[in-house]
Structures are given as C-alpha cells and as structure tokens.
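Subject: Structure for you, with notes

Hi,

Here is the structure you were expecting. Please open it next to this email and follow along.

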Amino acid sequence: MTAAGHDFYRAVWRWHFYAGLFVAPLLLILAITGSIYLFNDEIEDAVHADLRFAPERRGALPPSRLIAAVQSAYPGTVTRIDLPSQPRRTAQVFVTPAQGAPLRVFVDPGSARVHGAFVYTRTLVGFADTVHGSLLLGRVGDAIVELAACWALLLIATGVYLWWPSGPGWYRAFWPDLRARGRGFWRSLHGAVGVWSSTLIVFLILTGLPWAGVWGDLLRAGTQSLGIGYPEQHRHHGPTKTTAAPTMAQAVGETPWTLRDAPMPMSAHAHHATHAGASPASASDIGIDAAVRALAAQGLVADYRLSLPQSADGVYSAVVYPDRPQGQRSVQIDRYRGTVVGDTGFADYGWAAQAVEVGVQLHMGNYFGRANQLIMLLPCLGVFGLCLSGVWLWWRRRPRGRLGAPRTSTPTQAKTIVAIAAGCGLLLPLLGASLLLVLVLDRCLIARLPRLRTALR
C-alpha cells in the first residue's frame with residue numbers, strides 16, 4: 001500500500017471509529033428491542049394468555065354490547081375496537097380514561113365477559129416497541145434513532161472498505177481464524193460476522209427508515225408529489241371552508257405507512273348541516289353496530305381495527321392490516337348516513353408505497369411466517385456480535401488512559417470527506433449534517449486543544 005493509500009485507510013478507520021463509538025450502544029438497544037418485537041404475538045400470547053384467549057364461541061355479540069361491558073368495568077372514552085376472526089381470540093377495546101394512561105381492555109366477543117386490561121407501554125412488548133421507535137424520548141428520541149441508523153450505514157460502508165480482502169488467500173477473510181489468539185481472533189471474527197450480516201443489517205435499516213421522522217416525512221412527501229405514494233382518490237379529502245381534514249394518522253393513530261399523511265374522509269352530513277346553519281351535533285349517529293353491518297356489506301367481516309369517530313365530522317374507520325400488505329384495506333363509513341366515504345386497498349397505492357409496505361412487513365418478520373422472523377433475527381444477532389467484538393477490539397487496542405482514536409485526516413482527505421458528507425446529505429439529511437458537524441469539531445476544536453487531542457489518541 002502506498003503512503004497516500006495508507007493515509008486514506010487510516011482516515012476511513014478514524015470515521016469507522018467515530019461511527020462505532022456513537023452507534024454501538026444505540027444499535028445494541030435497537031437489536032435487543034427489535035428481537036423482542038419480532039416475536040410480539042408469541043410473547044404476548046404466553047405472558048397474557050388469560051387476556052388474549054377466550055372459550056371457543058359459535059357466534060359473536062354486537063360490538064355495542066362489548067363496548068358497554070368494557071365501559072362498565074373501565075369507564076372512559078372508547079376510541080377503537082379490534083374484532084378478531086379466530087374463534088378463541090378476545091376482542092381488544094382501546095379506552096382513554098379520565099385520568100391515567102390509555103388502556104387496552106380484553107373482552108370475550110361471545111359472552112361480553114371482560115378479561116382484564118393493561119397499559120401497552122408497561123408490557124414487555126409495548127416497552128420494546130416504544131424504545132425501538134423513540135427511546136422513550138418522543139420526537140427527540142425518534143431523531144436520535146434515525147441518526148443512529150444513518151450512522152450505522154456509514155459504519156457498514158467503512159467497515160467493508162477496511163475489511164476488503166486482497167492478495168492470495170483472500171477467501172479466508174470470510175471466516176474467523178480459529179487458530180489466532182487474542183486480538184487477531186477477535187478481529188477476524190468481527191470481520192466475518194460483519195460481511196455475512198451486513199446485507200441484512202442494511203436491509204433492516206432501509207426498511208425501517210420510512211417510519212423515521214425526518215427521512216420518512218421526506219419520503220412520503222416525495223412519493224406523493226411524484227404520484228407514486230398514497231392514492232389519488234384521497235387528494236379531494238382536503239380542508240373545507242369551515243374545517244381542515246386531519247390526516248389518517250392524526251385521526252386514528254395506527255395506520256399503514258402509505259396512508260399516514262393522507263387526508264381522512266369526513267362525514268358529509270355534518271358539513272351539510274354546518275353550511276345550512278344547523279348544529280352537526282344534532283344529526284343522528286348510526287351507531288357502531290350499523291357501521292359494522294355496513295362494513296360487512298363491503299366484505300369486512302372480522303379481523304380489522306375499527307376506530308370510532310371522535311368529532312362531529314368524524315367517521316367510522318376500519319383498517320385491515322394483515323401480515324401480507326397485499327391484503328391491506330382502509331374503509332370509512334359516514335357516521336350519519338352509513339355510506340362508504342372512503343375505500344382504499346393495496347392495489348390503489350403507488351408503486352413506491354407498495355414497495356415500502358412490503359419492506360415494512362419483511363422488516364417486522366410478518367411476511368412469510370416463522371422463517372421471516374428467524375431470518376430477521378440473524379441481523380439482530382449480527383449487530384450484537386459486531387458491537388461486542390468491536391468494543392472488545394477497541395478496549396484491547398487503546399492506550400491506557402486514552403481513547404485511542406486513529407490520527408486526524410489530512411486537509412486533502414478532509415475535502416474528500418466534505419464531498420462525501422454533501423452527497424450523503426442529499427439522501428440522508430441527518431447523516432450529512434452530523435458528518436459536517438463532526439468534521440468541524442474534529443478539525444477546529446480537537447485539533448486546537450492539545451490536551452483533548454492527546455486524550456483522544
């Protein structure tokens with residue numbers, strides 16, 4: 001290797017070091033919580049079997065009976081009910097009490113017997129789900145997770161460059177050297193685990209990024225502007241002269257990725273009453289049982305999430321969200337007339353949105369059953385192995401009492417890094433901005449503070 005090549009190698013190594021230092025703890029958290037959520041149904045069935053299962057039934061009671069039984073046991077506002085198709089499953093009713101956290105209440109659809117309730121975020125699966133998405137820090141945590149995912153891509157790219165084999169016997173780099181001892185063994189293990197798991201790790205990152213705050217919003221806006229995102233028929237569900245249509249995510253919370261920013265259809269009777277000078281509240285709601293019958297007429301019998309209207313112009317909104325996104329469907333029923341005001345299926349999505357939905361289900365281990373779960377578990381284990389072996393390598397290599405970062409890049413290499421950061425910023429804004437920030441700190445702060453520079457070396 002030439003002197004210039006050696007300097008560039010060390011510069012890449014420095015950025016790999018920085019990426020690992022920032023990303024490793026967060027990736028460990030994401031890998032552990034992601035592994036838990038991969039098996040969310042299995043875990044909840046085992047831990048909460050008394051809530052999730054009921055005696056096998058021959059028929060089901062009207063949803064109004066189930067909601068009345070739930071509200072008698074757990075007073076509050078019902079926002080949603082999940083109706084099961086399996087004969088031994090309980091229905092799940094979402095209740096917002098006057099005080100305290102929202103509850104998920106489980107009720108037998110055949111007898112209306114209330115089995116009990118829990119706060120989702122206080123369960124193992126709910127805790128893992130929340131930590132995986134936002135680290136329990138809301139929008140700030142969401143941005144941190146997105147930033148960590150972007151830096152993980154940089155970590156993988158620099159790691160592949162550092163590992164790339166050359167010369168005779170290059171194929172040995174694909175396997176750990178079992179004859180080596182100490183740091184040599186751990187380095188070969190780190191490289192082998194990385195090369196075999198990196199493709200799946202990149203897949204997990206790219207299929208998870210659509211749910212991130214910054215990149216996900218940009219992706220939805222971009223696909224919509226190109227006409228390859230949420231369906232054309234939703235564009236007329238915009239604001240009226242008196243009110244603005246909320247997005248589907250704002251109206252019902254959980255919804256397919258494609259429809260999160262789509263305007264929610266509204267009940268037309270309320271609009272007509274308002275324009276005529278009457279009160280929307282005076283209109284008569286058809287009730288949830290009539291809404292369920294209207295949905296049945298559209299082919300939705302069970303196994304869907306039914307959100308209740310929470311405003312005068314709200315709608316009954318049913319979402320079918322199966323493991324395979326080709327079966328996704330969202331149907332809205334006017335709360336006064338009982339007519340269908342929205343009906344969107346997977347075939348109505350743009351091709352980019354369809355690709356994202358397929359990726360999301362693969363990411364969550366849903367698409368092809370247990371095999372999908374086990375395949376997605378592999379990159380989680382790979383992240384675990386890479387983080388532990390990487391930290392061990394750094395700990396063994398670092399000088400005593402110092403961080404042990406590789407030396408600073410030359411001005412020429414810094415220009416190259418700026419160009420790379422600018423390119424990354426076009427695709428991943430948070431990564432590009434953070435790369436420039438780290439470069440400025442590295443060149444302008446660390447380089448001018450001798451004590452700090454010595455501590456890092």
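Below are my notes on its cores, rings, pockets, cavities and a few loop residues.

One caution before the details. This is a predicted model. Every value below was computed from it.

**Nonpolar cores**

Start with the largest nonpolar core, which has 41 residues. Seven of its members touch the most other members: Leu 27, Trp 151, Ile 205, Leu 209, Leu 428, Leu 431 and Leu 435. Five elements give two or more residues to this core: H1, H6, H7, H13 and helix H15 (429–445). H1 gives the most, with 11 residues. There is also a second, separate core of 28 residues. Its members include Ile 81, Ala 112, Ala 294 and Val 331.

**Aromatic rings**

The count comes to 10 aromatic pairs. One of them joins Phe 22 and Trp 151. Their ring centres are 6.1 Å apart, with 70° between the planes. That makes the pair edge-to-face. Phe 22 belongs to helix H1 (residues 3–38), and Trp 151 to helix H6 (residues 138–163). The two are 129 residues apart, so this pair links distant parts of the chain.

Are these two rings buried or exposed? The answers split. Trp 151 is buried, at 3% relative accessibility, because the cut-off for buried is under 20%. Phe 22 has a relative accessible area of 31%, so it counts as partly exposed.

Next, look at Trp 186 and Trp 392. Their ring centres lie 6.3 Å apart, and the planes meet at 55°, so this pair is tilted. Trp 186 is in helix H7 (residues 183–208) and Trp 392 is in helix H13 (residues 369–397). The pair therefore ties together parts that are 206 residues apart in sequence. Both rings belong to partly exposed residues: Trp 186 has 31% relative accessibility, and Trp 392 has 35%.

Which residues do ring pairs link into a cluster? They are Trp 163, Trp 164, Phe 174, Trp 175 and Trp 196.

One charge also sits over a ring. Arg 104 lies over the face of Tyr 120, 3.9 Å from the ring centre.

**The second largest pocket**

This pocket holds about 1300 Å³ of space. It is lined by 43 residues. Closest to the pocket centre are His 16, Gly 159, Leu 162, His 190 and Leu 393. H1, H6, H7 and H13 each supply at least two lining residues. H7 gives the most, with 11 residues. By class, the lining has 28 nonpolar, 11 polar and 4 charged residues.

H1, H6, H7 and H13 also appeared above, as elements of the largest nonpolar core. It is worth viewing the core and the pocket together.

**Cavities**

How many cavities of 30 Å³ or more does the structure hold? There are 2. The second largest has about 30 Å³ of space. Arg 80, Val 252, Glu 254, Arg 305, Ser 307, Ser 317 and Val 319 line this cavity. Strand E5 (304–307) and strand E6 (315–320) each supply at least two of the lining residues. The lining divides into 2 nonpolar, 2 polar and 3 charged residues.

**Loop residues**

Most residues other than glycine have a negative phi. Two residues here go the other way. Leu 136 has a positive phi of about 65°, although it is not a glycine. Its place is the loop between helix H5 (124–134) and H6.

Asp 303 also has a positive phi of about 65°, and it is not a glycine either. Asp 303 lies in the loop between helix H11 (288–297) and E5. With 48% relative accessibility, Asp 303 counts as partly exposed.

Last comes Gly 338. This residue lies in the loop between strand E7 (329–334) and strand E8 (340–345). Gly 338 is partly exposed, with a relative accessible area of 24%. Its C-alpha atom is separated by 7.3 Å from that of Ala 290. Along the chain, Gly 338 and Ala 290 are 48 residues apart.

Best wishes

Definitions and conventions. Residues numbered from 1 in each chain as written. Predicted model: local features only at pLDDT ≥ 70, side-chain atom pairs only at ≥ 80, totals over all residues. Heavy atoms only, no water. 1 Å grid on protein atoms, 1.4 Å probe; cavity = no way out; pocket = protein on both sides within 12 Å on 5 of 7 lines; lining within 4 Å. Points joined across faces, edges and corners; volume = space filled by probe spheres on them. Helix = DSSP H or I, 4+ residues; strand = E, 2+ residues; numbered from the N terminus. Nonpolar A, V, L, I, M, F, W, Y, C, P; charged D, E, K, R; others polar. Phe/Tyr/Trp six-rings, centres within 6.5 Å; stacked < 30°, edge-to-face > 60°. Buried < 20%, exposed > 50% of the residue type's maximum accessible area, 1.4 Å probe, protein only. Lys NZ or Arg CZ within 6 Å of the ring centre and 35° of its normal. Core = buried A, V, L, I, M, F, W, Y, C linked by side-chain atoms within 4.5 Å.
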